[in-house]
Amino acid sequence: MQTPYYLIDKANLRDNMEKIARLRALSGARCLLALKCFATWSVFDFMSEYMDGSTSSSLYEVRLGAEKFPGETHAYSVAYAEHEIDEVLGHADKIIFNSIGQLDKFDAQSRGHIRGLRVNPGVSTSDFDLADPARPFSRLGEHDPAAIDAVADRITGLMFHNNCENDDFARFDEMLTLIEERFGAVLHKMDWISLGGGIHFTGADYPLDDLALRLKSFAEAFGVQVYLEPGEAAITGAATLEVTVLDTMHNGKNLAIVDSSIEAHMLDLLIYREPAKIAPDTGDHEWMICGKSCLAGDIFGEFRFDAPLKAGDRLSFQDAAGYTMVKKNWFNGVKMPGIAVRELDGTTRMVRDFDYDDFAAALS
């Protein structure tokens, strides 16, 4: 198949799904795929065998979840517009408002629906201010327990989202304890609590059983149904970005230019100034892998290989699913990567290709 393309490996995806299924069975928690992280619906039927539904951040995501992902469909947005709220409600099983102001604004329209409110507990695990939901002056959720308690009779659930790539169970336990202590009075009045995503419980060494026990004890203590919203935990290691070397140069370092672009195809790495991943990244030959766009800093990173690279060589960038496929764009008119799926029997099929017509249709 012609590169570039994202390759989803169902066998790797299944490894994550089986851990999610185990956590659900042990804890009683329900798990919803966070579409903001991964929304490639070609594998939604497969994932829905292991998960309870989807959760969204916008009208289009909640519609996609309702149409493509069997199970529950939760709607959340930092702010809903008047012209879209009725359509959101039409697709959602639960709607979560970001603020009391939005709950008030759409009180009449949402009455009769299952409603929740996002809560900002004031603590998080994010190492990046850009992604920290508890940063100073954060707009993400209500923070005053008294104000939340005052509207408790109008909602049935709360959503906390304050973990970010958190692979430390002790830290998760510590933050959940702070939530219990600060918001315990209103937690007892709820029917369900979402603890959001960002918990890296599908990692190789994560104490899954300890997490399950903690979630189960939390649910029993407050008499609530617990929800988790895994994004990266669901798809880490499940996809690669397949590229081809187009040219090589030397300018103080060995440079290889590939038929892809970090700004167009792996944007999150550029935003957070992190390198891509190549495995095994060993050998005597060090090369800087560069994108083909005109951006000077379009660099995937520096990696080691067993032999010098040459035009025509194929490379695979790891972890190309989470916050990557959903952010692909047409910068420089670089061809958007296709989407391929490797089935459990080892066969691979291209499920989506993009061409000039798609590029032109995205503009006006």
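**Exercise 1. Proline and the peptide bond before it**

Task: In this predicted model, find where P4 is placed relative to the strands, and describe the peptide bond from T3 to P4. Then do the same for P280 and the bond that joins it to A279.

Solution: Begin at the start of the chain, where P4 is found in the segment before β1, a strand that covers residues 5–9. The peptide bond leading from T3 into P4 is cis, and its omega is near 0°. Next, move to P280, which lies in the loop between α12 (267–271) and β12 (285–290). Here too the bond is cis, since A279 and P280 are joined by a cis peptide bond with an omega of about 10°.

**Exercise 2. Positive phi outside glycine**

Task: State the phi value of E165 and of R273, locate E165 and R273, and decide for E165 and for R273 whether the residue is buried or exposed.

Solution: Take E165 to begin with: its phi is positive, about 50°, although the residue is not a glycine. Its place is in the loop between β7 (157–160) and α8 (169–187), and because its relative accessible area is 53%, E165 is exposed. Turn then to R273, which is not a glycine either and has a positive phi near 55°. R273 is found in the loop between α12 and β12, and its relative accessibility of 74% means that R273 counts as exposed.

**Exercise 3. The barrel and a helix beside it**

Task: Give the order of the strands that close into a barrel, examine how β4 is joined to β5, and describe how α3 lies against β3 and β4.

Solution: Follow the strands around the barrel, in which eight of them close in the order β2-β3-β4-β5-β6-β7-β8-β9 with parallel pairing. Neighbouring strands of this sheet are turned by 25° against each other on average, with direction ignored. Now look at one pair in detail: β4 (residues 72–77) and β5 (residues 94–97) run parallel and are joined by four bridges, and Y76 stands opposite I96 in β5.

The next step is the helix, for α3 (residues 59–68) lies across β3 (53–55) and β4, and runs at about 175° to β4. Within α3, the residues L59, E61, V62, L64 and G65 are buried. The buried residues of this helix pack against α2 (44–48), β3, β4 and α4 (85–91).

Finally, consider S99, which is found in the loop between β5 and α5 (100–105). Its C-alpha atom is separated by 9.9 Å from that of S77, a residue 22 places away along the chain. Leaving aside neighbours within four places in sequence, S99 is in contact with L117 and E142.

**Exercise 4. Nonpolar cores**

Task: How many residues does the largest nonpolar core have, and which residues does I289 contact beyond its sequence neighbours?

Solution: The largest nonpolar core has 95 residues, and those with the most contacts inside it are M47, L158, F201, I289, F300 and F317. To see one of these in place, set aside the neighbours of I289 within four places in sequence; the contacts that remain are A256, V258, I299, F300, G301, F303, F305, L309, L315 and F317. A second core, separate from this one, consists of seven residues, including L32, L140, W192 and Y227.

**Exercise 5. E343 and M350**

Task: Is E343 buried or exposed, and which residues does E343 contact away from its sequence neighbours? Locate M350 as well, and list what it touches.

Solution: First, E343 is found in the loop between β15 (338–342) and β16 (348–352). Since its relative accessible area of 16% is under the 20% limit, E343 is buried. Apart from neighbours within four places in sequence, E343 is in contact with K10 and R349, and a polar contact of 2.9 Å joins the side chains of E343 and K10.

Second, M350 has its place in strand β16, and because its relative accessibility is 30%, M350 counts as partly exposed. Not counting residues up to four places away in sequence, M350 touches M1, Y5, G338, I339 and A340. As a distance across the model, M350 and I193 are 39 Å apart from C-alpha to C-alpha, with their positions 157 residues apart in sequence.

Methods
Residues numbered from 1 in each chain as written. Predicted model: local features only at pLDDT ≥ 70, side-chain atom pairs only at ≥ 80, totals over all residues. Heavy atoms only, no water. Core = buried A, V, L, I, M, F, W, Y, C linked by side-chain atoms within 4.5 Å. Buried < 20%, exposed > 50% of the residue type's maximum accessible area, 1.4 Å probe, protein only. Contact = heavy atoms within 4.5 Å. Helix = DSSP H or I, 4+ residues; strand = E, 2+ residues; numbered from the N terminus. Polar contact = N/O pair within 3.5 Å; in protein donor to acceptor, adjacent residues only side chain to side chain. Pairing = 2+ DSSP bridges. Axes fitted to C-alpha atoms, helices over the stretch in contact; angles between N-to-C directions.
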